[in-house]
Amino acid sequence: MTLLLQFIFSGLTTGSVYALVGIGFNIVYNSTSIINLAQGEFVVIGGLMMWFFFVGLKLPFLVSFTLTLAVAGLVGFLMERLTIRPLIKKGDLLLMIMVTIAVSILIRGLLMFKFGKDPYTYPPFTVGEPIVFLGAVISQQTLWVIGITCICIAILYLFFNKTMTGRAMKACSLDIKAARLMGINVSQIVMLSFIISAVIGAVGGIAITPISLMEYDKGAMLSVKGFCAAIMGGLGRGRGAVVGGFTLGILESLTAGYIHSGLKDAVALFIMLFILFLRPAGIFGRSEIMRLRKF
Amino acid sequence: MASEVILQVINVSKSFGGLRVLNNVNLSVKKGNIHALIGPNGAGKTTLLNIISGLEKSDNGEIVFKGKSLRRLSSYKRARIGITRTFQNLELFSDMTVIENVMAGMYFKRESGFIASGLKLRKVRKDEKDIANRSLQILDFFELSHKKDEIAKNLPIGEQRLVELARAIASEPELILLDEPAAGLNIKETKTLGILIQKIRQDMGITVLLIDHDMELVMKICDFITVLNFGEVIAEGEPIVIQKDPKVITAYLGEEF
C-alpha cells in the first residue's frame, strides 16, 4: 500500500510535466491544426535556462524564473515568426509539422552546443524535510511540481474562459472563418498560441529539473509523452490533456515499479498505438470531434 | 431615403477555373437602405458577398467602402472598419455559449489593446464587464437574453440564426451582409426576422445587403433589389419595378408567378 502510494506520487510528478506539454500541443493544435513536435524542447529550455540564470549567473530565484520564461516565450515567438508564418498561407499541414521537427533538432543542437551533454540540476525551490503521508515519502519539490502545474491549469482556464483574448483564441479554434470576420486577427492569435505553449512547457521544465535532472536531448521523449497525453484526452481538449498526462505518469511509474523500469517508456508508445488504432478521438472524445480543419 | 452611397462594387469579375462566376458586376448600395441581391442558384451571389467581405479575391475590379478601396484590406481589417456578415450555413462558435458568441463580435471594440490586456488586469475586468453588459443588451434586442448561457449549438436553427445576427451587430458595423438569413426558417420565424432586419436599419442605422430566396421577405422589407443571373446584373430597381421586369420574370420569377 505504501509502495503503491509512493509510485502514484512519483507518477503524478512526471505526469504534471506530460500534462503541461500536452496542453501546449493542444493550444497550438487548436489555433493552427499543427502538431508542434518541438513542444518537448520548451521543457528542456526551461530546465537548462533556469540553471544558466540561477546557478550559472547566480541571479535571484524569481528573476531567473522570469527570465527563463521570457527566453522560452521568445523562442516560441521566433519559431512562429520564422518557420510557421511563412508557410501557413500554403496550408500544407504535413510540411509545417515536418518543419517543427527541424526546429526541435535545431534547438537540441544549440542546447548541446551551449550546455554540452551533461545533465544539469539545481537545488529544490524550498529546502526542508520531506513529508511522510501514509508511509509514502513525498519531497517538497514534488508538491511544487504538482502545485505549479495546477496553478498553470487554473490560469489557463481563466484566460480561455474569462478574457477577451482567450475567448478570441477559443473562437479561432471553433471557426476560423467566422473569427476573421469578427475582426479577430488570426495570425496574432497563432503567434500567441506558440508563445503560451512555449512558456507553459518551460514552467514544467523549471519545476521538474531538481527532481529528474535535465539534459539537452530530453525533449524528443517529452514530446512523445506529451503528445500521448494530448491524444489520450482527445487532441484539442484542454482538460483531456491534464487527465491524460497524469494517467500516463501514473501508469509509467506503476510499470517501472511493479514490472520493469526498462518498460517505462514503452507504456506511452503502447498507449499511443492503442488509441490511434482504436479510439482516435481520445478516451473521452466523441468521434464527431475529430474533424479536419483547414485555413 | 438618404442618397449617399456606402458600398460600390465596380467591374468585379471572378472565375473558378474556366467557369466565369461573376462578369463585370457593378452595384451601389445606398447608406441606410435594405438592399437585396437575388438571382437563381449559381448566379454568383454568395461569391460576391465573399469578395466584399474579403474571403475571396476578385480577378479584377474594385470594392469601394465609404469612398475607400478595400483592395489591400484582409477580411479581419474589413470587419474592423465596419463590414460584417452572417453565413448561409451557420458559422457560430458552436461550443461557446450564446453570450460568449456575441462577446466575440466585440473582440476588437474593447479599449485596452492586445498586449495591454495581458498586463492591466483591472482595466481588462472593467472592459469585460462593459462588453458583457453590452452583449446582454443586444441579446435583449433579439429577445434571447434568457438563453444567454446555453451552448450555441444546442439552440434550434431559427435561434442560432438570430445569435449569428446578434454577433454581427455586436461589432457595431455600418454595413451588414446577410447570406440567406431566412434559409431553414419557418414562416413565423421568417416574419420575425423581417421585422428584426427592419429594426436593425431603423434603430441602429445599419445598412443591410442581403441575399435571399424568400421573395415575400425580399419584396416586403427591401428598398432596392439587384438581380444577378449567370454572373451578370440583369436588372435593378425598387421591388415594384423588379416584380414587373420581364427579364427577371423569365430568368427567375417565371416559375412562381
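This passage describes the contact between chains A and B, one helix of chain A and one set of paired strands in chain B, all taken from a predicted model.

Where the two chains meet, 27 residues of chain B are in contact with 19 residues of chain A. On the chain B side, the elements that contribute two or more residues are the helices α2 (75-80), α3 (98-105) and α5 (121-141), together with the strand β6 (83-86). By class, this side of chain B comprises 12 nonpolar, seven polar and eight charged residues.

Within chain A, helix α4 covers residues 93-115, and because 23 residues at 1.5 Å a residue should span 33 Å, the separation of 33 Å between its end C-alpha atoms agrees with the expected value. The buried residues of α4(A) are Met96(A), Val99(A), Thr100(A), Val103(A), Ser104(A), Ile107(A), Leu111(A) and Phe115(A), and the buried residues of this helix pack against α2 (39-56), α3 (61-88) and α9 (219-232) of chain A. Just after α4(A), Gly116(A) adopts a positive phi of about 75°.

In chain B, strand β1 (residues 5-16) runs antiparallel to strand β2 (residues 19-30), to which it is joined by eight bridges. Phe16(B) has Leu19(B) of β2(B) as its bridge partner, and in the hairpin that the two strands form, with two residues between them, Gly17(B) takes a positive phi near 60°. Strand β1(B) is also joined by five bridges to strand β4 (residues 60-65) of chain B, again in an antiparallel arrangement, and in this pairing Val9(B) stands opposite Ile63(B) of β4(B).

Conventions
Residues are numbered from 1 along each chain as its sequence is written. Chains are lettered from A and ligands numbered from 1 in the order in which they are written. This is a predicted model: local features need pLDDT of at least 70, side-chain atom pairs count only at pLDDT 80 or more; totals for chains, interfaces and linings use all residues. Two residues are in contact if their C-beta atoms, placed from the backbone, lie within 7 Å. Helices (H or I, at least four residues) and strands (E, at least two) are DSSP runs, numbered from the N terminus. Ala, Val, Leu, Ile, Met, Phe, Trp, Tyr, Cys and Pro count as nonpolar, Asp, Glu, Lys and Arg as charged, and the others, Gly among them, as polar. The expected span of a helix is 1.5 Å times one less than its number of residues. A residue is buried if 20 or more other C-beta atoms lie within 10 Å of its own, exposed if 12 or fewer, and partly exposed in between; C-beta atoms are placed from the backbone. Two strands pair if DSSP finds at least two bridges between them.
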